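Visitor: Could you take me through one part of this model up close? I'd like to hear about the cysteines, and then whatever else you can tell me about how the chain is put together.

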Amino acid sequence: MRSKLETITQIRDEIIFKIWLELNYWKMFILMQIPGQIGSYFRTKLIGFKKCGDNVMIWHHAWFKMARNIEIGDDVRIHPMTYLDGSGGIEIGTHIGISPGVQIYSQNHGIKRNELYFTQPYQLAKVKIENDCWIGAASIITAGVTIRKGTIVGSGSVVTRDTEPYSIVAGVPAKIIGERK
């Protein structure tokens with residue numbers, strides 16, 4: 001049986017954690033609103049990425065979950081209205097364009113048959129975007145996918161499996177429709 005002091009300490013720690021979490025949400029919200037290059041500068045320095053390279057431009061209204069698990073290389077552009085869920089890790093190479101409205105997920109719900117989906121543990125799987133890629137507007141990249149070097153993802157695509165180097169993929173689910181020459 002726990003002592004009264006242990007119970008009070010646990011409650012205090014839970015309250016401190018909730019306040020810390022809430023302040024981080026506010027920090028992200030405020031950082032999302034600052035426009036232009038000044039806003040981008042603050043986002044690259046203050047969001048708390050695992051790594052953020054040189055010459056990175058993160059436009060306003062880009063949202064990052066678990067930024068501490070996101071690595072960003074050099075010469076990357078992340079446009080407005082993007083959502084990157086770094087729960088399982090995201091690695092973004094160099095010379096990357098992530099267009100407006102892109103969503104990248106590195107986690108998913110469990111899907112066992114005889115359990116409620118929201119009681120199942122998350123399945124984490126790293127997303128990797130290799131160098132020289134362009135992710136078209138409103139595309140979705142699902143957990144565990146590797147976007148290979150030189151790939152172009154067509155707008156509105158849902159990428160559910162790894163791509164081939166220098167391929168052009170599009171559709172739901174995304175399939176190869178061409179290759180870069």
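Guide: Happy to. Keep in mind that this is a predicted model. On the cysteines, the count of disulfides here is 0. Take Cys52: it has no disulfide, and the nearest cysteine sulfur, that of Cys133, sits 18 Å away. A disulfide needs the two sulfurs within 2.5 Å, so at 18 Å the sulfur of Cys133 is too far from that of Cys52 for a bond. The surroundings of the two can be put side by side: Cys52 is partly exposed, at 26% relative accessible area, while Cys133 is buried, at 3%.

Now for the sheet. It is an open one built from 5 strands, ordered E1-E4-E7-E12-E15, with parallel pairing. Strand E1 (51-52) and strand E15 (146-147) are the edge strands; each has a single partner strand, so one side of each has no neighbour in the sheet. Further in, E7 (residues 90-92) and E12 (residues 127-129) run parallel and are joined by 3 bridges. In one of them, Ile92 has Ile129 of E12 as its bridge partner.

Then there are two helices to look at. H1 (residues 4-33) packs against H2 (residues 36-46) at about 150 degrees, with 8 Å between their axes. That angle makes H1 roughly antiparallel to H2. Lys27, Leu31 and Met32 make the contact from the H1 side, and Phe42, Arg43 and Leu46 from the H2 side. By type, that contact comes to 4 nonpolar residues, 2 charged and no polar.

Technical notes:
Residues are numbered from 1 along each chain as its sequence is written. This is a predicted model: local features need pLDDT of at least 70, side-chain atom pairs count only at pLDDT 80 or more; totals for chains, interfaces and linings use all residues. Side-chain values use heavy atoms; hydrogens and water are left out. Two strands pair if DSSP finds at least two bridges between them. Helices (H or I, at least four residues) and strands (E, at least two) are DSSP runs, numbered from the N terminus. Buried means under 20% relative accessible area, exposed over 50%, partly exposed in between (1.4 Å probe, protein chains only). Axes are lines fitted to C-alpha atoms, for helices over the stretch in contact, and angles run from 0 to 180 degrees between N-to-C directions. Angles under 35 degrees count as roughly parallel, over 145 as roughly antiparallel, 65 to 115 as roughly perpendicular and the rest as oblique. Contact means heavy atoms within 4.5 Å. Ala, Val, Leu, Ile, Met, Phe, Trp, Tyr, Cys and Pro count as nonpolar, Asp, Glu, Lys and Arg as charged, and the others, Gly among them, as polar.
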